[in-house]
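Me: I should like to learn how to read the sheet, the core and the pocket of a protein model. Could you take me through them in turn?

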Amino acid sequence: MSKRLFEKTLSKTDVEYRMAIPMDSLSAFEIPEAEYSKKVDVFDNNRRRWIFRCSKRKHDTHPKPVLSSGWIKFVKEKSLKEGDQVIFSVSDKDGAEGLQFGIQARKRVKIFGQELWSDPL
């Protein structure tokens, strides 16, 4: 069973360069002690595997975690724009070590002045 890790409305930086991860979600990515980045497998609604790099600052009291490497390819293929939304979830891997990450993307749509969300992409 999956559990929602975080939900985020995408900023300009998120769709053009890298996506900032909420600090309270960093521990789920399990970056090893003394390391500053880790490749993370993430699966979308179509069970397509995406590989992102999760990294944090090396020498700062505020690590500012981000997803890079592979993230912008995901943004482009899903045609995401500033104001759209992503939802990350985690679940235990069946019998395997670590967590499995899921991602859903939703586009913000305005119809007759009303803001709606698309079905998950």
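Me: Before the sheet, please turn to the pocket: how do the residues of the lining of the largest pocket divide into nonpolar, polar and charged?

Reply: This is a predicted model. The lining of its largest pocket comprises four nonpolar, seven polar and four charged residues. The space in this pocket amounts to about 240 Å³. There are 15 lining residues, and the closest to the centre are Ser2, Ser89, Gly102, Ile103 and Gln104.

Me: Which strands each supply at least two residues of that lining?

Reply: They are β1 (3-9), β6 (85-92) and β7 (99-106). Strand β7 gives the largest share, with five residues.

Me: How should I read the sheet, and in what order do its strands stand?

Reply: As a general idea, the strands of a sheet pair through backbone hydrogen bonds, either parallel or antiparallel. Here, seven strands make up an open sheet with mixed pairing, in the order β1-β6-β7-β3-β4-β5-β2. Strands β1 and β2 (19-20) are at the edges and have a single partner strand each, so one side of each lacks a neighbour in the sheet.

Me: How many bridges join β1 to β6, and which residue in β6 is the bridge partner of Glu7?

Reply: Six bridges join this antiparallel pair. The partner of Glu7 is Ile87.

Me: What lies between β3 and β4?

Reply: These two strands form a hairpin, with five residues between them. In the turn, Arg47 has a positive phi of about 65 degrees. Strand β3 (residues 37-43) runs antiparallel to β4 (residues 49-55), and seven bridges join them. Within this pair, Asp41 stands opposite Ile51 of β4. Strand β4 is also joined to β5 (residues 66-68), by three bridges and again antiparallel; there Cys54 faces Leu67 of β5.

Me: Which residues have the most contacts inside the largest nonpolar core?

Reply: A general point helps first: in a regular strand, side chains alternate between the two faces of the sheet. The largest nonpolar core here has 26 residues, and Phe52, Leu67, Trp71, Phe74, Val86 and Phe88 have the most contacts inside it. At least two core residues come from each of β3, β4, α2 (71-77), β6 and β7. The largest share, four residues, is that of α2.

Me: What does Phe52 touch, leaving aside residues up to four places away in sequence?

Reply: Its contacts include Val40 and Val42, Leu67, Trp71 and Phe74, as well as Phe88 and Ile103. Lys38, Lys39 and Gly70 are also among them. Ile103 is, in addition, one of the residues closest to the centre of the largest pocket.

Technical notes. Residues numbered from 1 in each chain as written. Predicted model: local features only at pLDDT ≥ 70, side-chain atom pairs only at ≥ 80, totals over all residues. Heavy atoms only, no water. 1 Å grid on protein atoms, 1.4 Å probe; cavity = no way out; pocket = protein on both sides within 12 Å on 5 of 7 lines; lining within 4 Å. Points joined across faces, edges and corners; volume = space filled by probe spheres on them. Nonpolar A, V, L, I, M, F, W, Y, C, P; charged D, E, K, R; others polar. Pairing = 2+ DSSP bridges. Core = buried A, V, L, I, M, F, W, Y, C linked by side-chain atoms within 4.5 Å. Buried < 20%, exposed > 50% of the residue type's maximum accessible area, 1.4 Å probe, protein only. Contact = heavy atoms within 4.5 Å.
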